[in-house]
Amino acid sequence: MELSWLDLKGLVAYLNIMAIRKIITVTDRRLKTISEPVDSVTDETRVLLDDMLETMYAANGIGLAAIQIAVPQRILVIDLSHRNDSTAETEAEEGESDQGNNDETGPRYFVNPEIIWTSEEHNVYQEGCLSVPGFYDDVERPKQCHVRYLDYHGKEQVLECDGLLATCIQHEMDHLNGIVFLDHLSRLKRDRITKKIKKEERDAATVDH
Ligand code: QAP
Ligand code: CO
């Protein structure tokens with residue numbers, strides 16, 4: 001689509017139509033989709049990135065993959081500073097001081113991310129997922145990783161990740177390949193959690209008014 005006379009990002013900003021989109025859960029088979037690479041980062045991509053970030057903030061998440069809002073493109077957003085509301089102000093005061101990659105706060109955008117290196121060393125984190133509401137469990141992954149991706153402006157970047165950022169990136173990249181953190185647990189746990197969420201969704205859909 002060519003929009004030479006119409007600046008889509010400008011129009012979206014002017015009309016203030018950034019949107020919170022619906023997050024699908026593990027009961028939705030679309031979460032198993034293998035997402036497609038993005039041809040190039042356009043204004044449309046940036047509208048999607050903005051919507052994903054707004055959706056993630058509204059749900060109090062730290063990471064979101066496009067497939068979680070039913071868009072099968074290889075796109076992620078992460079913001080580790082939004083773990084909870086209480087840390088927001090102190091972190092804003094710390095400002096833009098030149099910390100290492102991993103302590104840097106604020107939104108991060110990843111288009112077509114690829115893991116180009118993982119450490120031998122592994123660690124265990126208690127993970128959750130916006131598509132698995134209310135459930136958390138330990139997952140073991142490489143402790144560090146290097147990721148190559150296109151940023152918000154379509155520029156190629158390489159990021160060296162450690163700690164929570166490394167875990168979060170790997171969790172989100174699993175989504176691009178149709179994998180949810182439950183797939184790293186035993187089938188017994190996975191089935192039990194999926195059934196509980198199914199029941200919750202059924203109950204929520206059948207309340208009497
Ligand atoms: C992935 O997950 C992640 O169940 C991001 O009721 C999580 O943002 C990577 C959330 C942990 C590494 C460690 C989950 C919010 C947010 C819930 C999230 C919930 C409310 C999950
Ligand atoms: Co997730």
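This section describes the surroundings of ligand 1 and the setting of three residues, Lys-198, Asn-60 and Ala-70, in a predicted model.

Ligand 1 sits in the largest pocket. The shell around ligand 1 is made up of 18 residues, of which Gly-61, Ile-62, Gly-134, Tyr-136 and Glu-172 come nearest. By residue class, this shell divides into nine nonpolar, seven polar and two charged members. Helix α4, which spans residues 163–176, contributes the largest share of the shell, with five residues.

Polar contacts to oxygen atoms of ligand 1 are formed by both backbone and side-chain atoms of the protein. From the backbone, a polar atom of Ile-62 lies 2.8 Å from an oxygen atom of the ligand, and an N or O atom of Gly-128 is placed 3.5 Å from a ligand oxygen atom. From a side chain, an N or O atom of Tyr-136 is found 3.1 Å from an oxygen atom of ligand 1. Taken alone, ligand 1 exposes 500 Å², and the protein buries 83% of that area. Two of the residues making these contacts, Ile-62 and Tyr-136, are also listed among those that come nearest to the ligand.

Two residues that are not glycines have a positive phi. In Asn-60 the angle is about 60°. Asn-60 is located in the loop between α2 (43–58) and β1 (63–65). With a relative accessible area of 47%, Asn-60 falls between the 20% limit for buried residues and the 50% limit for exposed ones, and is therefore classed as partly exposed. In Ala-70 the positive phi is about 70°. The position of Ala-70 is in the loop between β1 and β2 (75–78). The relative accessible area of Ala-70 is 27%, so this residue is partly exposed as well. Strand β1 thus borders the loop that holds Asn-60 and also the loop that holds Ala-70.

Lys-198 belongs to helix α5, which covers residues 187–205. The C-alpha atom of Lys-198 is 6.2 Å from that of Thr-27, although the two residues are 171 positions apart in sequence. Lys-198 is partly exposed because its relative accessible area, 44%, is neither under 20% nor over 50%.

Conventions
Residues numbered from 1 in each chain as written. Chains lettered and ligands numbered in written order. Predicted model: local features only at pLDDT ≥ 70, side-chain atom pairs only at ≥ 80, totals over all residues. Heavy atoms only, no water. Near = heavy atom within 4 Å. Polar contact = N/O pair within 3.5 Å; in protein donor to acceptor, adjacent residues only side chain to side chain. Areas by Shrake-Rupley, 256 points an atom, 1.4 Å probe, with all protein chains shown as cover. 1 Å grid on protein atoms, 1.4 Å probe; cavity = no way out; pocket = protein on both sides within 12 Å on 5 of 7 lines; lining within 4 Å. Sits in = over half its atoms within 2 Å of the grid points. Helix = DSSP H or I, 4+ residues; strand = E, 2+ residues; numbered from the N terminus. Nonpolar A, V, L, I, M, F, W, Y, C, P; charged D, E, K, R; others polar. Buried < 20%, exposed > 50% of the residue type's maximum accessible area, 1.4 Å probe, protein only.
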